[in-house]
Amino acid sequence: MAVPKQKRSRSRTHHKRAKIYRAFSVPVSVCPNCGAPKLPHRVCLSCGYYGKKQVFELAK
């Protein structure tokens with residue numbers, strides 16, 4: 001059985017665990033139709049377009 005030769009320091013332990021719980025940034029792209037920020041590869045929620053095609057109409 002593998003046994004560590006030395007105790008892992010507290011800073012090294014916290015540094016390793018910080019990678020698991022780190023917040024990640026969400027990528028944001030611009031809608032080519034209306035210019036509103038949206039998630040990439042998703043329908044724009046402000047105009048209803050995906051690329052150059054209208055996918056659904058919004059109720060006004």
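The radius of gyration here is taken over C-alpha atoms, and the globule rule is 2.2 Å times the number of residues to the power 0.38. Keep that in hand for the first view of this predicted model.

**Figure 1. The whole protein chain, with its elements in order.** Start with the parts list: the protein chain has one helix and four strands. Walking from the N terminus, you meet them as α-β-β-β-β. How does the radius of gyration of the protein chain sit against that of a compact globule of 60 residues? The chain comes out at 23 Å, while the globule would be near 10 Å. A box drawn around the C-alpha atoms along the principal axes is roughly 65 × 25 × 20 Å. Now look at contacts between residues with a separation of 6 or more: pairs 24 or more positions apart supply 0% of them.

**Figure 2. The surface of the protein chain.** About 6100 Å² of the protein chain is exposed, and carbon and sulfur atoms provide 57% of that area. What share of the 60 residues is buried? The figure is 12%.

**Figure 3. A nonpolar patch around Tyr50 and Phe56.** Five residues, Leu45, Tyr50, Val55, Phe56 and Leu58, make a nonpolar surface patch of about 480 Å². Tyr50 belongs to strand β3, which covers residues 49–50. With a relative accessible area of 40%, Tyr50 is partly exposed. Phe56 comes from the segment after β4 (53–54). Phe56 is also partly exposed, because its relative accessibility is 32%, and the partly exposed range lies between 20% and 50%.

**Figure 4. Phe56 and the residues it touches.** Which residues does Phe56 contact once its neighbours within four places in sequence are set aside? They are Val43, Cys44, Cys47 and Gly48. Ile20 makes a good landmark for scale: Phe56 and Ile20 are 36 residues apart along the chain, and their C-alpha atoms are separated by 38 Å.

**Figure 5. Val30 in strand β1.** Find residues 29–30 and you have strand β1, where Val30 sits. Is Val30 buried or exposed? Val30 counts as exposed, because its relative accessibility is 57% and the cut-off for exposed is over 50%. Skip the neighbours within four places in sequence, and Val30 is in contact with Gly35 and Ala36. Pro40 is another residue to pick out in this view: it is 10 residues from Val30 in sequence, with 8.2 Å between the two C-alpha atoms.

**Figure 6. Cysteines without a disulfide.** How many disulfides does the structure hold? The count is zero. Take Cys34, which is in no disulfide: its nearest cysteine sulfur belongs to Cys31 and lies 3.7 Å away. That pair does not count as a disulfide because the two sulfur atoms would have to be within 2.5 Å. Cys47 is in no disulfide either, and its nearest cysteine sulfur, again that of Cys31, is 3.7 Å away. Check the surroundings of these two cysteines as well. Cys34 is partly exposed at a relative accessible area of 40%, whereas Cys47 is buried at 14%. Cys47 also turns up among the contacts of Phe56, so you can hop back to Figure 4 from here.

**Figure 7. His41 and its backbone angle.** His41 is found in the loop between β2 (37–38) and β3. What is the phi of His41? It is positive, about 60°, although His41 is not a glycine. Most residues other than glycine have a negative phi. As for its surroundings, His41 counts as exposed, with a relative accessibility of 69%.

Technical notes
Residues numbered from 1 in each chain as written. Predicted model: local features only at pLDDT ≥ 70, side-chain atom pairs only at ≥ 80, totals over all residues. Heavy atoms only, no water. Helix = DSSP H or I, 4+ residues; strand = E, 2+ residues; numbered from the N terminus. Buried < 20%, exposed > 50% of the residue type's maximum accessible area, 1.4 Å probe, protein only. Contact = heavy atoms within 4.5 Å. Areas by Shrake-Rupley, 256 points an atom, 1.4 Å probe, with all protein chains shown as cover. Patch = residues over 30% accessible without salt bridge, like charges linked within 9 Å, V, L, I, M, F, W, Y side chains within 5 Å. Salt bridge = Lys/Arg side-chain N within 4 Å of Asp/Glu carboxyl O.
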